[in-house]
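Here is a quick walk through one protein model, written for someone who likes to know the cut-offs. Have a look at the fold before reading on.

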Amino acid sequence: MFYEHVAIGAVLFVLGGLGVVFNRSNLIIMLMSIELMLLAISFLFLINSVIVDDLIGQIFAIMIITVAAAESAIGLAVLVAYYRVRGTIVVRSLNLLRGRKVECFI
């Protein structure tokens, strides 16, 4: 019973990693893949917490879910601001966020 849940968590994590690696053009799908990876890790912490009968895994899972929610909120806010400036959300044109190169003449 334990191994099936671990396998499901590992498959979800690998799918999230593949979504980040193979989809470099759409930023929303990349954020969703990172969310999937974080939720897979929290799922594995919860399964381990149930098997070991310890609350530490559940506390870590709550912290991971909190970080995932903050990451989603900040990422979507950056996307909306970027879309208002450029009119598109293509990852290849994100050089605008780097800023200008300032040369120092000292």
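## Overall picture

Of the 106 residues in the protein, 23% are buried (buried means under 20% relative accessible area, exposed over 50%, and partly exposed in between, with a 1.4 Å probe and protein chains only). This is a predicted model, in which local features need pLDDT of at least 70 and side-chain atom pairs count only at pLDDT 80 or more, while totals for chains, interfaces and linings use all residues. Residues are numbered from 1 along each chain as its sequence is written, and side-chain values use heavy atoms, with hydrogens and water left out.

As for secondary structure, the protein has three helices and zero strands (helices are DSSP runs of H or I with at least four residues, strands are runs of E with at least two, and both are numbered from the N terminus). Read along the sequence, that gives the pattern α-α-α.

## How α1 and α2 pack

Helix α1 (residues 2-22) packs with helix α2 (residues 27-52) at an angle of about 165°, and their axes are 8 Å apart. That makes α1 roughly antiparallel to α2. For the bookkeeping, axes are lines fitted to C-alpha atoms, for helices over the stretch in contact, and angles run from 0 to 180 degrees between N-to-C directions. Angles under 35 degrees count as roughly parallel, over 145 as roughly antiparallel, 65 to 115 as roughly perpendicular, and the rest as oblique.

What is the handedness of the crossing of α1 and α2? The crossing is left-handed, a label used if the near helix is turned anticlockwise from the far one by less than a right angle (right-handed if clockwise).

## A nonpolar patch

Val11, Phe13, Val14, Leu15, Leu18, Val21 and Phe22 form a nonpolar patch on the surface, and together they have about 670 Å² of accessible area. Areas like this come from the Shrake-Rupley method with a 1.4 Å probe; for residues, only the protein chains shown count as cover. Patches take residues with over 30% relative accessible area and no salt bridge, joining like charges within 9 Å and nonpolar side chains (Val, Leu, Ile, Met, Phe, Trp, Tyr) within 5 Å. A salt bridge here is a side-chain nitrogen of Lys or Arg within 4 Å of a carboxyl oxygen of Asp or Glu.

One of the patch members, Phe22, sits in α1 and counts as exposed because its relative accessibility is 67%.

## From α2 to α3

Phe45 belongs to helix α2 and is partly exposed, at 31% relative accessible area. Its C-alpha is 6.7 Å from that of Gln58, with the two positions 13 residues apart in sequence numbering. Leu55, ten residues from Phe45 along the chain, has its C-alpha 10.0 Å away from that of Phe45.

Leu55 lies in the loop between α2 and α3 and is exposed at 55%. Asp53 shares that loop, which comes before α3 (56-86), and is exposed too, at 71%. Most residues other than glycine have a negative phi. Asp53 is not a glycine, yet has a positive phi of about 60°.

## α3 and beyond

Met63 is in helix α3 and is partly exposed, with 46% relative accessible area. Met63 and Ser42 are 21 residues apart in sequence, and their C-alpha atoms are 8.8 Å apart.

Which residue is 63 residues from Val90 in sequence and 7.0 Å away in space, C-alpha to C-alpha? That is Leu27. Val90 itself is in the segment after α3 and counts as partly exposed at 33%.
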